[in-house]
Amino acid sequence: MDNDYSTWEYFECGMAICNIIQFSSFLPQIVALSTLQGKYVTTKNNGKPKRSWFNETFFPEEHTPLYLKSVCLSGAILGFLTLFLPHSPILHFILYSLLTFASYLLTNSAGVFCLQMEPMTVEVNFLMTITSPLARVSPIPFIHTSIPTLTFRILAFRLMLSAGIVKIFGSPTWRDLTAMKDHYFTQPLPNPVSYFMTIHVPLSLHKASVAVSLVMECIVPFFILSPFETPRFIAFFCFVQLMLMINI
């Protein structure tokens, strides 16, 4: 139980850091986007189109950037509090409840600039709200792990497996292993390496990278549910490598 609780404490620290990064990194983007001409969206009041990067909120349109800045600042502060304040079931329940609400406000208002990370943060913070107070509860019989740890293992299993399933049943380029030839330019965050990978890398390497990605997302997630430590460590190593590949 002590080892499981120590692991959970490290996980909570990581979640706090993720919240700090998410809210603080979104703040300068709001500052920049509020000065640029956005896409056309339809207002709820008179139905006339206007240009904005953000969805409508219960604040007047001219106050939306200030409202979003306040949400980001509040979320970053809450992240710092969860990181540095001593662990208390009631305190963490309150902090993660507020973080869930702040994440929801940001996701609901960010509009076209909202990517996959923001809705996922709402779900993860909500799960932290209901599981963090249970961190000291005795492990579940037969599987020898706590409810919070098991909850997030299932979440990681679902997220990674669904990422592979949508590829297989989505674009045919994933099924014929040619998706990566174009994906370097069409991914949400292309970088200078994208040009080199698209133009100078042979198709065989592209196909190999797609195959490896599908194995990591369709087969390796089942290792997360293993009662043994070694398969879970293999899954962790594979997912870290996959995240590095995606970001490079």
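**Exercise 1. State how confident the predictor is in this model, and locate the weakest and strongest elements.**

Solution. The chain of this predicted model has an average pLDDT of 78, and 73% of its residues score at least 70. The lowest confidence falls in strand E1 (residues 39-42), with a mean of 44, while helix H9 (residues 203-218) has the highest, at 88. The pLDDT is below 50 over residues 37-45, and this stretch has 23 contacts in the model beyond near neighbours in sequence.

**Exercise 2. Describe the overall make-up of the chain: its elements, its burial and its surface.**

Solution. Begin with the secondary structure: the chain holds ten helices and two strands. Read from the N terminus, the order is α-β-β-α-α-α-α-α-α-α-α-α. Next, consider burial: of the 248 residues, 37% are buried. The accessible surface is about 14,600 Å², and carbon and sulfur atoms account for 72% of that area. Finally, turn to the contacts: among those with a separation of 6 or more, 62% join residues 24 or more positions apart.

**Exercise 3. Determine whether the spans of helices H3, H5 and H9 agree with the rise expected at 1.5 Å a residue.**

Solution. Take the helices in chain order.

- Helix H3 (residues 89-109) contains 21 residues; from first to last C-alpha it reaches 30 Å, close to the expected 30 Å.
- Helix H5 has 22 residues and should span 32 Å; the distance between its end C-alpha atoms is 32 Å, which agrees.
- Helix H9 has 16 residues and an expected span of 22 Å; its end C-alpha atoms lie 22 Å apart, in agreement.

**Exercise 4. Identify the buried residues of H3, and relate spacing in a helix to direction.**

Solution. In H3, the buried residues are His92, Leu95, Tyr96, Leu99, Thr100, Ala102, Ser103, Leu105, Leu106, Thr107 and Ser109. The general principle for reading such a list is that an α-helix has 3.6 residues a turn, so residues three or four places apart point the same way. The buried set of H5 includes Phe152, Leu155, Met160, Gly164 and Lys167.

**Exercise 5. Find the salt bridges, and state which elements each one links and whether its residues are buried or partly exposed.**

Solution. The chain has two salt bridges.

Step 1. Glu123 and Arg158 form a salt bridge through their side chains, at 2.2 Å from N to O. Glu123 belongs to helix H4 (residues 117-131) and Arg158 to helix H5 (residues 147-168), so the pair ties together parts 35 residues apart in sequence. Glu123 has a relative accessible area of 30% and is therefore partly exposed. Arg158 is also partly exposed, at 39%.

Step 2. Lys167 pairs with Glu217 in a salt bridge whose closest N and O atoms are 3.0 Å apart. This pair links distant parts of the chain, with Lys167 in helix H5 and Glu217 in helix H9, 50 residues apart. Lys167 has a relative accessible area of 16%, so the residue is buried. Glu217 is buried as well, because its relative accessible area is 5%. The buried residues of H9 include, besides Glu217, His206, Ser209, Val210 and Cys218.

**Exercise 6. Which residues form the nonpolar surface patch, and where is Val215 placed?**

Solution. Val215, Ile219, Phe222, Phe223 and Ile234 make a nonpolar surface patch of about 420 Å². Val215 is located in helix H9. The relative accessible area of Val215 is 41%, so this residue counts as partly exposed.

**Exercise 7. Characterise two loop residues, Leu134 and Leu177, by place and surroundings.**

Solution. Leu134 sits in the loop between H4 and H5. At 30% relative accessibility, Leu134 is partly exposed. Leaving aside residues up to four places away in sequence, Leu134 touches Ile147 and Pro148. The C-alpha atoms of Leu134 and Pro89 are separated by 7.6 Å, although these residues are 45 apart along the chain.

Leu177 occupies the loop between helix H6 (172-175) and helix H7 (180-186). Its relative accessibility is 24%, so Leu177 is partly exposed. The phi of Leu177 is near 65 degrees, a positive value in a residue other than glycine. In general, most residues other than glycine have a negative phi.

Note on methods
Residues numbered from 1 in each chain as written. Predicted model: local features only at pLDDT ≥ 70, side-chain atom pairs only at ≥ 80, totals over all residues. Heavy atoms only, no water. pLDDT = per-residue confidence, 0-100. Helix = DSSP H or I, 4+ residues; strand = E, 2+ residues; numbered from the N terminus. Contact = heavy atoms within 4.5 Å. Patch = residues over 30% accessible without salt bridge, like charges linked within 9 Å, V, L, I, M, F, W, Y side chains within 5 Å. Areas by Shrake-Rupley, 256 points an atom, 1.4 Å probe, with all protein chains shown as cover. Salt bridge = Lys/Arg side-chain N within 4 Å of Asp/Glu carboxyl O. Buried < 20%, exposed > 50% of the residue type's maximum accessible area, 1.4 Å probe, protein only. Expected span 1.5 Å × (residues − 1).
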